[in-house]
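Grab a pencil and work through these short exercises. Try each task yourself before you read its solution.

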Amino acid sequence: MLTTTLNEPTIPGASRPVPPRRGEDSLREVLLAALWLALATGLAEAAILSFRRLVLGEAIQLSQHYLWMAPAGYVLIFALPALTLGLISWRWPRLRMAYVVGLLVFLSVLGVLFMFPRLHRFAMIVLAAGAGVQMTRMVEAHRAGFIRLVRRSVGVLAGVVVALAILVTGGLHLGERRALAALPSAPDAAPNVLVIILDTVRAASLGLYGYDRPTTPNLEQIAERGVVFDRALSPSPWTLPAHGTLFTGRYPHELTANWKTPLDDTYPTLAELLAERGYETAGFVANSFYTTYEHGLDRGFVHYEDYIVSLGQILNSASLGTLVFAGRPGYSNNLFRRVLDNYEYFGRKKADRLSNDFLDWVGDGRPRPFFAFLNYIDAHAPFTPPAEYAARFGVRGPRPLLHRITNDKSTLTEEERAAGDYDRNRYDASIAFLDHELGRMFDELERRGVLDNTLVIVTSDHGEHLGEMGIYAHANSLYMELLHVPLLIAFPGRVPSGGDRIGQPVSLRSIPATILDLTGAPDERRIPGESLAGLWQPGGASPSDPLVAAVRKGINVREDLPIARGDLHALTHAELHYIRNPDGSEELYDISQAMTQDSVLAPAAGAEALLVPVRARLDSLIGAAAMRPVQNTPH
C-alpha cells in the first residue's frame, strides 16, 4: 500500500511522493526579504540623514518627511527587481533566494555609500559588491535562520516606518496649531501682505521692461494696479542671501546666509515682526535649493509649504533613487535622464501647483490679516516650460543644453549653436508660463475680493546670465544681468494705480521697511532701511539707502568666472555701477542709458575722478570686515 508523509502531496498513479514546489515558497520569501531589506536600508539612511542634519548642521535638501519617505522610497525601488527575480526563481528554481538577496544588498549598500560623495564611485561599487557577495554566502549557509529573522522583524520595521509617518505629520500639524493659537490679536483693519518672488527672473527679459518678446502680458496688467520701479536692484546674485536681505533689511555682507550656511537668528525677520502684530504668516515656496525649512527663511512663519509629498519626492528621499534617476536638484546630468530626454528633478513645484496651494489656503480670506510669501521657480534652470509655451517661443528639436545647466557652454557643437538661442528661448517660455499663472491667480483673488485690502509686492531675487560677457547661469558675478530685477507695488488707497514708473534706483533692502510702513508698523530699530513710499507720496522723502551688492566666493567653479577669485562687492551710485574684484581690480559702468554692462568707464582714461567717490562710499559701507565669517562651501 502507498503511504505518504505529512504535507507531501501525491499524484494519483504515481509510485513515489512529489517534492514541494520550492519556487512558490521562493517567490514569497524573495518578496518578503526585499521588503525587509528596503525598510532596513531606508531607516539606516534616515538615521544618517538625521545625524548630518541635527548634529553636523548640514542641509540635506529633503522634505521633513524623509524619516518615512526614505524607507518607502526603497520599497518602491526594490519592488520591480524583487518581483522580477522572484518570478524567475519561480520558473527556474536554481536561482536561489540567496543570490537575489545578495543583489539587493549590493543595491542597498551602494545607495548608502552614495550619501558620502567624497568616496570614489569605483570604490563604492567594489564595497557594495563585496557586501552583496558576503550576504549571498551568509544566506546560503543560514537560509532558515535568515528567513526566521525576516519574518519576525519585518512587521516591526514596517511599524516603525508607519509610526514615523504619523509622528512627523502630526508633529507638523500640532506645531502649526500651537503657533497660530499663540498669535496676539491683530490691529483693526490691518491689511494683508502678499510678497511674490519670481525666482531667477531678470528685468531685461520682461515685456514690462521693454523686452521685445511678449513674456509678461499679465504682469503688465497687474502693474496697472500700482507703481513700477524701473531700476530695482537685488543685493545678491543668488537666492539665499537675496532673500535674507529681503526678510531682514540687512545687506548680504552682514548675514550668515551662504552656500551651506543658513540664515541665523541674529536679526529678526519680517515674518516674525508681523506675527508679533497678530498676522497669520504663511510661506509657499518652490525653490528646493535654498528656500526650504533648512535655510532659515521659514523663521516666523506659522504655515510653511516647501517640499511636495509625492511619489517623486518619496523616490528622491532614497539616495539610490537619486543615484539612478537623478531626481534631486543638482543631479540632473546622468545617462538615464538623457535617454528619456527629461532633465526635470523630482518634486519640482510648478507655478500652477504653487498658486493653487496658496489659493486653497487663503480661501475667501483668512480670519486674521495674513502675510503670505510666494516663491516661484519656473524660470530657474533646468528650463522646462510646458510644450505650448515652448512652441510659442521657438523651442524646437532635442534638448542639447538642458543637461549643461552649469556655466560652461564651451563644449557646444556647431550644430547645437546653430539650433538657435536655445537657453534664451526656453527661459523666455518659462517666464511666459509663469506670467500666465500669475494672471490666473490674481484674477481669482480679485473675484474673491481678497485684493481689496492687500498690499502686493512682485519682484525677483536675482536675474540670469544668458551668455552676456561669456557667462551663463547666476551666483557668479555682480553684473546688471543678475542684479537688475522687476519690482512693482500695489495697494488700493495707499499706492497710486495706473502703472506709474519710478526711475530712481532702489534696493530690495528697502522692501521690509516699506511693508512695515504701509501696514502702519514701522520698526527702524529692528528693520533698517527706508520706505519706498516717499517716492510716490506728495512731498515724501526719497530713500537714500545705499545700493550695495555682495557675493561670497564659491569653489569648484570655472577659473574664468568673476566669483572664482574671491568675494565680490558692488555699489550702484547715481548713474554708475562700480564692482570691486578680490584681486583689487575695479570695474565702472555707466548705466544712465540702460541697465547693462555695455558702457565701460574703468579702467578707461579719465575714469579716476569718478572712481574716487564710489571707492570711498563702498569702503564706508563695508569697512575692513567685508563679510561675516561663515562656512564657505559650494551648493
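**Exercise 1.** Find the bridge partner of Thr 572 in strand 16, then work out how strand 15 and strand 16 are joined.

*Solution.* Keep in mind that you're looking at a predicted model. Step one: in strand 16, Thr 572 has His 577 as its bridge partner. Step two: strand 15 (residues 568-573) pairs with strand 16 in the antiparallel sense, over 5 bridges. Step three: the two strands form a hairpin with 2 residues between them, and Ala 574 in the turn has a positive phi of about 55°.

**Exercise 2.** Now follow the chain on from strand 16: in which sense does it pair with strand 17?

*Solution.* First, the pairing of strand 16 and strand 17 (residues 586-590) is antiparallel, with 5 bridges. Next, pick out a facing pair: Ile 579 sits opposite Glu 587 of strand 17. Then check the turn: this hairpin has 5 residues between its strands, and Gly 584 there takes a positive phi of about 95°.

**Exercise 3.** Why can we call strand 16 largely enclosed by the rest of the structure?

*Solution.* Buried means under 20% relative accessible area. Count the residues of strand 16 (residues 576-580) that pass: 4 of the 5 are buried, so the strand is largely enclosed by the rest of the structure.

**Exercise 4.** Check the span of helix 12 (residues 351-362).

*Solution.* Start with the 12 residues: at 1.5 Å a residue, they should span 16 Å. Now compare the end C-alpha atoms, which are 16 Å apart, so the two values agree. Finally, step just past helix 12, where Gly 363 has a positive phi of about 60°.

Notes: Residues numbered from 1 in each chain as written. Predicted model: local features only at pLDDT ≥ 70, side-chain atom pairs only at ≥ 80, totals over all residues. Heavy atoms only, no water. Expected span 1.5 Å × (residues − 1). Buried < 20%, exposed > 50% of the residue type's maximum accessible area, 1.4 Å probe, protein only. Pairing = 2+ DSSP bridges.
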